[in-house]
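Biologist: I'm new to this one, and I'd love a friendly tour. Could you bring it up so we can go through it together?

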Amino acid sequence: MKSRVFVDSAVAEVRAGRGGDGSGSFRRESHVPEGGPDGGDGGRGGNVVVRASTHADSLLRVFYEPRLIAENGVAGSGQKMHGRNGEDLIVDVPCGTEVYNADTGAWLGEVLEHGQTLVIARGGRGGWGNVHFKSSVNQAPEKFIPGDDGEAFNARFELKTIADAGLVGFPNAGKSSLLAALSSAKPKIANYPFTTLHPIVGTVTYEDYATLRVADIPGIIEGAADGVGLGLTFLRHISRSRMLVYVLDMADAENPPENAYRVLQAEIESYDPELAARPALVIGNKMDEPAAQEHFDAFVAATGVTPLRLSLVDDGKPGLGEVRQALRRMLRPKAQGAPEPRLEETSPAEPVDHSEVSPERFRKATFLKP
């Protein structure tokens, strides 16, 4: 069965809707000989809105639909009719998505929680009809204002997985097996390197229904900062993690655990020193292997760090309970029902102020042809 494509970075053309033109209409009815101007205003152009959704797990939609164009506003018409506002284009993306202006590099914002929205391109304001220009000295104004163009640029979308803890380790250290044992996630597990090719997040649930999220990323090897193996690009998926979990293979004779630990720290340091400085939990995996205890003792002597012992193949998975409790002790997840902070949502609509005409917009006024 072919695995689903995972996309964590994409560039798209973003274009908000153009505002509808104002109307230069005059009231013409048989029983009203001097009807006067009655041109309505144009509608606002639609916004381009990004919305976080737990139903999206990658940026596939943006990747396959690289033109995100909102609807234009409708022009005004006679009888002072206001044109309809353009419909907003809402793009569902995974929680943790950041948006940048690809042309300038400016950071536009991020959406972190399900339902949170971010307006990345605002629609143009609707134009004014000629009714706004009627005065005591100008009873029949023949000018109106066209609608403004909406914002348009190239946007870059980047997904940074949201997780409380991030698993790091060499290929075949047992990270995927640990994630499968801690949660209901179903990562690929096989006896060859780089079985994990994209980030996978699992939720650890406790007896009181407190939960925390753990992310597994592809294995890191020496030289990853220079592009060896799969490189370090996937480290951004644990950049939001509050702590790191080093998973070390205590049975690996070719790459002693103290050397693996040193290399992992150095590679993460080269990627982001702040990430490397976060709290960490060290796990000595595969303690069921004959040589594991000898390597475990050598690791403690070399580093001064005593890892948690873990075996995922023995009955009962000795050490797994200690890992679960250590994660809870360090992360202190909230029990179900605890109040969550309210999210501030960016309103997709911008009210149009008709209180005054700016000089710039007045210069854009279009006169009716005689």
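Biologist: Which elements do the buried residues of H5 pack against?

Modeller: One thing first: this is a predicted model. Helix H5 covers residues 292-303, and its buried residues are Ala292, His295, Phe296 and Phe299. Seen down the axis of H5, these fall within an arc of 105 degrees, so they line one face of the helix. The buried residues of H5 pack against strand E13 (243-249), helix H3 (257-271), strand E14 (280-285) and strand E15 (308-309).

Biologist: Which residues are exposed on the other side of H5?

Modeller: We have just met the buried residues, such as Phe296 and Phe299. Exposed means over 50% relative accessible area. On the other side of H5, the residues that are exposed are Glu294 and Ala301.

Biologist: What is the order of the strands in the open sheet?

Modeller: The edge strands are E4 (89-94) and E7 (117-121), each pairing on one side only. Strand E2, residues 48-53, pairs with E7 in the antiparallel sense over 4 bridges. The pairing in this open sheet of 3 strands is mixed, and the order is E4-E2-E7.

Biologist: Which residue in E7 is the bridge partner of Val50?

Modeller: Strands of a sheet pair through backbone hydrogen bonds, either parallel or antiparallel. For E2 and E7, the sense is antiparallel. In E7, the bridge partner of Val50 is Leu118.

Biologist: Which strand gives the most to the largest nonpolar core?

Modeller: That core has 26 residues, and Val14, Leu68, Ile120 and Phe157 touch the most other members. Strand E1 (9-15), E2, helix H1 (60-64), E4, E7 and strand E9 (152-159) each supply at least two of its residues. With 4 residues, the strand that gives the most to this core is E9.

Biologist: Which residues is Ile120 in contact with, leaving aside its neighbours within four places in sequence?

Modeller: Ile120 is one of the core residues that touch the most other members. Contact here means heavy atoms within 4.5 Å. Leaving aside those sequence neighbours, the contacts of Ile120 are Val14, Val48, Val50, Val99, Leu108, Glu151, Phe153 and Phe157.

Biologist: Is Arg236 buried or exposed?

Modeller: Arg236 is found in the loop between strand E12 (211-216) and E13. Not counting residues up to four places away in sequence, Arg236 touches Asp8, Ser9, Glu158, Leu159, Lys160 and Tyr271. Its relative accessible area is 13%, and the cut-off is under 20%, so Arg236 is buried.

Technical notes:
Residues are numbered from 1 along each chain as its sequence is written. This is a predicted model: local features need pLDDT of at least 70, side-chain atom pairs count only at pLDDT 80 or more; totals for chains, interfaces and linings use all residues. Side-chain values use heavy atoms; hydrogens and water are left out. Two strands pair if DSSP finds at least two bridges between them. The expected span of a helix is 1.5 Å times one less than its number of residues. Buried means under 20% relative accessible area, exposed over 50%, partly exposed in between (1.4 Å probe, protein chains only). The arc is that of the directions from the helix axis to the C-beta atoms. A nonpolar core is a set of buried Ala, Val, Leu, Ile, Met, Phe, Trp, Tyr and Cys residues joined through side-chain atoms within 4.5 Å.
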